[in-house]
Structures are given as C-alpha cells and as structure tokens.
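Trainee: Can we go through this model term by term? I want each label set against its cut-off.

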Amino acid sequence: MKGTVQVEHLYKEFGGSGLFGKWGDKTPALEDINFTLEKGELAALVGESGSGKTTLGRCLLGLIKFESRKVKVNGYDIASLGGADEKAFRMSAQMVFQNPFSSLNPAFKARDALVEAIRVHDPSISREKANDEVEKLAALVQLPIDRLNEYPPSLSGGEKRRVVFARALATNPDFVVTDEPVSGLDQPIQAQLLDLMRKIQRRQNSTMLFISHDLRLVRFVATRVLVMHRGRIVEDAPAEIFFHQQGPSHPYSRELLESAFHPDQLFGPQVQQSHPERGSGGCSFRNRCKFTSTEMDQPCATMTPPLLEIKSNHRVACHWCRNQEADR
Amino acid sequence: MSDSTLSISSHTLPIGPRSDSGRLILGLLSLAARELIATILVLIGASLLLFLVLKAAPSEDHLQLRLGQSTSVTAEQAGETFASETLAGQYVTWLEGVVTGDFGTSKALQRGRPVADLLKPAFFASFKLLAAGLFLSALLGLLAATLSIFRSRNPLWRITLGLTSLTSAIPVFLYVYALVAGGNRLIAWGAAQQHWQIPGWFPLPMSPDFVPWFFAVLILAVGDGSLMDMTQRFGSELRHSAGDEHMVGVRMMNISVPVVIARGFLPGALSHISRRISFVLGSLVVLEAALGWPGLGYLAWRAAAERDMPVLLGAALLMAVALRLVLMVFDLVGTAADPRRRVTK
Amino acid sequence: MIGSLRWSRFPSVTKSSRYLGMAIGIICLVPATLGVVAAAFGWLPHDPLQFIGESNGGPSLQHFLGCDSLGRDLLSRLWAAAAYFTPPGALAMVVALSLGVVLGVAESLGGRFWGAISSWCLQVMDSLPKFVLVLLVAAIARSNLIWIMAAVGATFAPQIAAAIRSSVERLRAAAFIEAEKSLGVSMTRIVFFHILWGHARHVILAQLMSLMAYALLVETSLSYLGGELGVQEPTPSWGNMIALARDGVFTGNLLPAIIPAIMISITILGFSLVGQGLLQLWEERA
Amino acid sequence: MSDMALKVEGLTIYLEGRTGMRRVVNKVQMTVPMGHIYALLGESGSGKTCIVQTILGLHPGVPGVVSGTAEVLGLNVLEKLPKYVELDESSTPTAIRKDMHGWNRTIRDVWAPMMGSKVTLIPQDATTALSPFHTVGCLLQKAISNSGKQLGREELRKEALNWLRRMEMYDVESVSNRYVHELSGGMAQRVAIALALASEPRIVIADEPTTGLDATLRIQLIALMASMVKNRKATLFLVTHDMDAARILANEVAVLYAGSVVESGPVEKILDPTYKPKHPYTWFLLESERRLLQGAEMFKGSRSISPPDEGCPYIIHCPRAIERCGAERPTLTPEGDEHQIACWVEGDYR
C-alpha cells in the first residue's frame, strides 16, 4: 500500500461567496481525474499554468477539500483523514512547494526548518541527534553544511530549493509531490537539481509526482507522463512511449512537446483563439486543435472526450485519437 | 499564480460593461451597498456592546435608559415596566427608541431634558473641531513625511522630525493647561502694565472665538501622538508607494510620477486617517472637557462624571455612527483611486 | 547576490538614527522604571501619603524635588504613581494581547464562519471611540483603575488583531502556512511559534508599546480632568498631581506641576519611540 | 551622432551590501550597433539587471559607486552624475555616493527626452512593472503619443486596438479596458511588448522578458518578439538567462559571469550546440544544456557565491586555471572575427 496513489473521479470547485460559501459562481478547477500510481513510479504532471496541476497536488496531500469517490494515497483515505491517521499520513507524504522563497519562514535559519521537520513527528529525538540528521540530509541534497546556519533570505535560489527538498525528505516519505521544483532557476542549476532528485528518488524507491510546465525537464526523469489541460487529464502515457517510441497522441501533448524541443517549428503565423468556456461541453482544446474539423456535429464540440485506454497503460482523452486508433 | 484564475493564454474574458467609468461606478455602487449593510450590522453590534457593558455593571444604571423614553407614562412607571422586561426585551426597547431618534431623557446633566436636544447642537460643534483637527494633522503629517523622505539625509530635517515626536508626545490636557495658564498670565501681565486702557494692544484678535478655536485645532492635530503617528504612517506609506515595482514602468513610459505616487499613497493614507479618528475623538473629549467648551466630548465627559447614562450612550452611539460613515466614504474614495482594490470576487 | 543588497529608492532610516531613536526611547523610560523598582523594593525616600514637609517647599537635601501644596514629598509621589500604574497597565497589555490574539487568529484562520464572526466583533470594537468606551467603564466602575485599564486593553485588541491578520495574510499568500501544514506541523505550533513568535513578534510588541503610551495617556487625562473618573486623591497619579498643582503657576510654584508633566511626556515619548524603532526593525527585516 | 545604439565602456558598479561595498559589475564592455539584436547572457546574480538599471537610471536604490561610460544614442548617460568616478588606483572605492538627487537630476536632464520615446523597456514581470492605475488602452495611447505622432482621440484609440491585434490578442476591445493586474501573465507580457514598440523607439531594452512564463507561452512570446522586432528593424538589447531566446532572437551575444563579460561574439558562433567554446564557462553553459536535454549525468556546483576580488572570477570552478588566473584579471581579447574572450589560457576548451 505504501507509495501507491489511487484517484477515482476527483472533482474540485473554487469560488463561492458568503458566510458559508454557498452563494456565487463556482469555477471548476479539476474535473473527473482518474489515475493510479504504483510504488517507485516517478510521474510527471505537465500542463500550462492554470491547468490545475498544483491544485491536484494539494488535493492529493489533503491540503484542500474536494469531492471524489475514492482517493487513496499510501493506503490512507484522504477525504476522511483525521487524528492519528492524519499524523501518520503527513509523515508518509510530503510536498515540495512551488515557491521556496516563501515556504521557508524567513525568521528561522535553514537548520531550524530542517530540525523542525525531523522533530515534529518524533519529539523524542534530541536536538543534537536531530542536528546530526540534518547534516546527513544536507549531504544528501548536496548543500554545504555552513549554509545551514544562514537565514533563508541570504540563501541563493538553488540553495533554497535544496533546503526545501531536504525538508520534504526529512520524514522518509513514501510519496512526494514536487511542485515546479526547479522553475525560475538557471539552466545549469536546474539540471543539477533534477539529477539529484532522480537519484534520491531511485535510492529511496519512493513514488513521486513531479509537477512541471516544461517537458524538457521531465524527459529523462519521469517514468510516466500525465498531461493536464484545463482541469482534466488528457493523456496518461509511459515516458517510453511519450518521448521515444511513437510520441504522444493528444494534439495538446504534441504541441507541448514541440514547443519544448523544436521551438523553431512553431514559428510562423499562429492563430490565437479563445478557449471554449469551461463546462460548456465538448473538448476544451478544440479551438486550438489542428485536427478537429469545424463542423459542429463533430463530437469534439459537443461531447467531452473521456480518458480511455488506447493501448496498455496509455490513455488519451481525444475523439480524434480514438478514431485514428480505430482506423488502424 | 493562483489556481482559481484559469486563464493563462486563454483570451476570453468575462463579459462586462465596456467602458472603464461604467465599471468603476457599478463597482463602487455595489461596494457602497455592501458596506452600508456591514455598517448597519456593526452599529447594531456597537449598541449591543454598549448595552451589555452597562448591564454588566453592578448597579442598576441600565434602567436609566428607559427613563422618559415615552411621554405618556411617568418616568417611574416606564422604569418599572422596563425593569420587568427580559434582557433582550430591554435591549430591543432601547434600540427601538434610539433608531427613532429617542435617546431618552437626561438623568443628571440637565435633568428631564431629551438627550437628542442636547446632542444635536453639540454634535455639529464637535464635528467641525474634529474635522479641522484631523485635516491639519494629516496636512502636517504629510509635510513632515515628505520632508523626511526626500531630505532624509539632512540633519536639520532629522531634528525637525525629532521635534514632531517630542511635541506629539505631550498630552492634549497638558497643552490645554499650558494654553489656559499662558493666556491667563498674558492677560494678567497686560492688566499689570495697564495695557487694557490702550485699545488694540493685545497681539491677537480677541473677538470672535476664532483664535482659541484655531489653537484648539492645533492642539488636537499635534497632541496625544497624532502628529507623530501621522508622520510615521504617511512616511512608510509614501516610501512603499514610491518604491513600488511599477515605478519602473511608469518612469519608462513618461507617465507623471507624482500623480502615480499620490494614487498609490491615497488609499493607505485614508485608512490610516480613519484608524486615527477613534483616537482623535478621545483627544476631543479631553480637549473639550479641559477647556469647558460645549460639544459632544464635553457632554460625554460630564455625563460620565455625573453617571448620566442616557447621555453618555447617546454620545457614544452618535460618534460611532459618524465614525463608520466617514470610514465608508474613505473606503470608497480609496477604492476609486486604486483599481487593484476593485477586484470583484 | 543582488537580492541581499539594500534596495529602496528612499532608504528608510539609517541604522545609526534608528538605534539613536531606540536609545532615546529607552532613556526616556528610565525615570518611570526607576520609580517602579524603588516602590517595589520600598526604597521610596518618604511615604508618599504623609504630610511631612512644608507646603510648596522647594528642593532640598531632604526632599530632592520639593513638596507639593499639601507638604507631601514630590519625588516619592512621582515614583509611587508609576508603581501604582504598573499593575493595571500590565493588565491592559494582557487583555489586549489575549483578546487580540484570539480574535485575530480566529478572524484569519478560523474559516468562513468564525472569521466573519470575529471580524464583526473586531469592527464593533473599532467603531466605538476608545476613550468614550473607557469613560463609560470608568463611570460604571466608579473609577476603579483595574477596570478602566481592562477596558483600554479591550479597545486596543483590534490593533493587535490587525497586526496578526496582516502577518497571516502575508504568510498565507506565500503558501508558508500550507507548507508547514503539509509537513505535519500542528496548527497550534504554526500559530504560536511561526506566526506570532517568528513573524508578528515585532509588530505586536510595537502595538503593545503604543498601547502602553495610550493607557498612560488615558489614566493621566482622566485623573487630571477629575469628576471621580480617574485615580482619586490621596492615591498619587501624575494626572491628579498636576490637577492639584494646577493653580500653583500663579503663585510661582511651578515645580509640582511641571515635573509630573515632564514625566508624562517623556514616558509617552519613550514608549512611542521604542515602538517606532521596533517597527522599523521589522520593516527592514521583512 | 554615432551609429552605435549603445556603447558601454569599463562600466564598474559597486553596491552597498550588508558587509560593505560589493562589486557587482566589473569593467563591462559592450557595443550595440543600430539595428542589431544584442543578448547579454548570464545566470541570475551575475549583475545583468544591475547593468540595465544603471544604464537606464532606473535604479531603485542608491546606486553606490559607478565608473565607466555608458553612451546611449551617443549620449553619455552617466556623465552628469556628481562624483560618479571615485575609485583609486587599485580600483577600490574611496567614496560612496549617496546623493540620490544627482541620480534624479540625471534622469530629468539626460533621460527625459529619450525615455519612453527613443528608448523603451520590456520589463521582466509585466503584471507588476506596469502602472496599475491605467487601463491597457490608456497605456497604449500614452505610448503611441510618446512617439511624437499627432493623432486625434479616435485615431489614437484605433491605433491602440491595432497594436493589441498585432500582438495576436483576442477580444481587443475588452482587453484595452482592463487593468494590467486583471490580465494573465502571458497577456500582460504581450501588452508590455506592445507598449515598448508602440512609441517607435530606437532602442528596446528587454530585461528577462521570458522568465517566469510557461514553456509553451515562452516560445510563443519569443516568436512574437522576433517577428515584431525584426519587422521594425529596431535595436534590441536583450538581457536574459534563456539561451533559446538568445539563440532565436539575437545577432550577437555576450556571456556574463559574476559581473564580467567572459566571452562575446556572434550568436551562431557562440551558442551553436556544436561549437567548441573557448571559455570554460561558456562550455559549461552549453554542456549543461546538452546534458539536460540528453539526460546525462550532471555536474556538481557551479556558482561561486562571492567571486575573488582579483584574478579571473571563474577561477574557483575552472579546471584549467593557471597561476596567472589567480593574480590578474583576464581582459577581453579579440579571437578572430568579432569574437572576444577573456581567458588567459589559449585554445579551445575540451
């Protein structure tokens, strides 16, 4: 059970106003998310910002409320966490947050943040022992020991990320969500951090959900790629297929891949078009899609494509791809 | 990027009124409506708080509230029926009277006179004083803050700033005492020198009360920490406004810098002023009490000294109403000045 | 690299002047503190309530600051007044802190319902003029200083709550609270250790300083104005000392009026300067 | 008037840090001819933004000590600063200039006629860098009138809408009535590009215009900038750490490390993935990109937290450093056509 993630029919809405949040418009953020992760998998969750990647990560860790038939992480039912269960779950699942500048308290040294992470689950550990642990952790994330005594504002971007990463690893979690762990850094630092992450993940054999908008970063790290678009998972493919064999199937995944590796091909006149309104039915990508035809009786315009398996372990939410597959 | 805005690279925008002024007016109207409701709720809460404080007292002070609220029965009868009501009933009866403008009758101050008659003229006199004091305080504070920022390295201005702190640390009642004592000494000196026979020797125009009034305003503006607080808050607000990241874009576009700084400064400054009113009202009470000038503050003080609860509660409620209304207006102005505050959820 | 350098078009205040302000503030608080200590250990030169000297006697070796119009030792009364004010003042701080923390935390972290309720409570408190509420309490409590100071503390709770709220908002916008929560840190620890101690400490302290200044102001004003609202004779208070010596100006006895006035002013100045220094310290760090 | 759009010589900047004066930029040399697109490439903290802000006089703080010259359109913008050169022989600062008014005077006297009309800026984060008090339409109209065109009200409005259309925006009427904070990051960045180009400037200075954007959006914006800038034959001074952007947009590139330029030359030569760089740092940049794309083993540690005061700034990480590197700072020396390198060791690196 440890290190597995099962998600069935997860929905999340934002908004609502008034004293009890019952009035006002609601914006759907996640719609019908289904997937499972096995132990030791490193799944990449890619998509543009605003597609709901971070929201999904927060849902999986039980940080926000959502509606779902079943969400089990490490064997814990997230929807009904509480008491001792919650404490145990918090120990076994961690999140590396998007913004290291703020997920560390500027008033406390990096060392204190790590000591806290170690001692919060087992207060019996003495401070000295925790300090030793911290130094081990620092060695694990390749952070010089002397930098541990700095306050977060005087650490560089890469160092902060290392501290945040070390903090997430402090409890030896079975499942880690890393939310854009390297965005905004310089390329060499990005590369180093990614490499480090991959190594640690392999050594500890933990499950990891790697949230990113940049497919280049994902390519050699992930074993599995989940593509999100406007609150839905549109493609779920093994990395092997996605990057190497036949490539992605969904038109959006293709566009993502091209923009990452062959930017030149995207040049030339582009037609920017509006997205369809959310919840208006039909495929959310249809206006930007190269393959859909303009006829309105097409299923693309009327029916939201379900996420269906087209091959073993490879699921796509696209009418066109299914037709292609059927033709073949 | 917050997840609730799902709009990057989607170029659809919610359909709304087209023109900016239309959006502004609509937004302000809806804000005003919401604030009005909130204000009413808060004022009900304020009256409840006052009532409960009175009720919590060991004495039967709260029974005074009903005294003479209706004219058809005698005060004693009214008091008895009031006493027999439940707590909620007593509150509702009192509130009903207050809302219809019937604050009851004064018990000790001017026995038997309706409180509303006492409050009305007092309110306008005090309001003028308060508004002038606040305005002067804001003006002086803005001046000092601007100088402290733009001439921050000049020792002379540092000394000036130190002086504002020093003058501001002196309580209002000490100023009043000094003023009165000084005035009396001056007059006494004039008498001793037999200057009173010489017409026009007194350096200040004695006739209408303008001069003492102006001094009172000045005391209100400076004393009890007003000026220091204003200078400090305005300074930090100005610094924020002028050091904001958008100043880069503003300078590069050749947009008028002072206007942008002022627009960034206004909402925060107004909210500081509105926070300050509560304190200045306290200073006003002390000022009027110490000078013996008729006004809301004097009334409140006399009422407290003579345990005349209807008058005290009436004065407190009247001040609360004025405070909330001013707050509301300031909030609307601030929202109009800064579009970032206009984001409707 | 550049981020760690000081960037601001208008550098707030130089370090030296900030520490100068703090130092002056602390020096201003010394006389009052001396009084509190002296009274606590019984080191007062004379009994502040005994008529031992001659009326309006000038400074002498026996009475360092002379005597008031009733022949009581001025210095003793001055110090005793500071000592008499201290416990109620501390009570005001405790009331403001506890009420402000409870309401502030409930407002910003208590969810929609409790947030709305406590926000309403705070607005109600804020909309009543502080001094008038204190007057009401003083009238009811028959000039019991403990009750008056408790009321001052209660009226100051919105200020404390506002400091906590802005702190929480800042940390929340920075996803910090959520990060700690996902780490498994308990909400109590987040609130008390990270938010109140780690982040809002300076601002709350600064607010408490201005509360003390205000409390002193209220007490002396009420005692000066009389009307059985403030501290009553013979209990010493800087306010009623001035009130007693008010007319001494015309007979040339300036000292009994001026010395308490100076004490009030410098103590208030001290509190405000220390508070201001704390705020600047915080602004610089943030 | 020279045909150089921007000419920087010996620019050295010291800023006041917590531990005293700190050299952020060291003797930077750059020339940007008219019509060229020049990219200044460097990791964060290498002093890129500091250079831009000093040249533009947009320093948000007291700029500390500045020496050297910076000519924008033939005008030395640092000249009017009082006491702006205060370095002794060993180039340690002897005077710290804290007079902000000198800076403001420079902005008023030297920059005012050029700012917003001849020279414009594309900021890093448009949502926070543009005025929050004006609608997009209003900003655009201001930018268009900054170019000196005499247009009527209606024409201005139409032209502003046209600019939004050119930026491949949808529903332009609605966008032009919005404030910048109501736009998404990508849209705000488009607006910023439109604002920078609408006043028909001679030089556009772009300060990391693509950082903080999505991968897809970033490519779209680079493409948009490329077409807009090239169509208008404007000079672009691009400051970035995004190597793709530099590769696609620029003609010439200078690589900045810890405040000094270590290599400069034509883009096709320096940033070509097959190029064998002469300078070890350039090699490191290209190699780490290559390894990122190929998923190979990565290096450890690259950045020096504080470069040494003397000698080559890259010495801490340089595998081929010789004795001279520690004693003397290498200067930019020509290496073939338009190609300059600051390294004491000759020959290709690896």
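Mentor: We take the interface of two chains, then a strand pair.

Mentor: This is a predicted model: local features need pLDDT of at least 70, side-chain atom pairs count only at pLDDT 80 or more, and totals for chains, interfaces and linings use all residues. Residues are numbered from 1 along each chain, chains are lettered from A in the order written, and side-chain values use heavy atoms, without hydrogens and water.

Trainee: What makes up the contact of chain B and chain C?

Mentor: Contact means heavy atoms within 4.5 Å. Chain B gives 58 residues and chain C gives 54 residues.

Trainee: How much area do chain B and chain C bury between them?

Mentor: About 4900 Å², with 72% on carbon and sulfur atoms. Buried area is the accessible area (1.4 Å probe) that two parts lose on being put together, summed over both. In chain B, Phe173(B), Tyr177(B) and Arg307(B) lose the most to chain C, together 14% of what that side buries.

Trainee: How many salt bridges does the rule find across the interface of chain B and chain C?

Mentor: Zero. The rule needs a side-chain nitrogen of Lys or Arg within 4 Å of a carboxyl oxygen of Asp or Glu.

Trainee: Why is strand 4 of chain D called largely enclosed?

Mentor: Buried means under 20% relative accessible area (1.4 Å probe, protein chains only). Six of the eight residues of strand 4 (residues 65-72) of chain D are buried, so the rest of the structure largely encloses this strand. Strands are DSSP runs of E, at least two residues, numbered from the N terminus.

Trainee: What makes strand 4 and strand 5 of chain D a pair?

Mentor: Pairing needs at least two DSSP bridges. Strand 4 and strand 5 (residues 75-76) of chain D have two, in the antiparallel sense.

Terms used: Buried < 20%, exposed > 50% of the residue type's maximum accessible area, 1.4 Å probe, protein only. Helix = DSSP H or I, 4+ residues; strand = E, 2+ residues; numbered from the N terminus.
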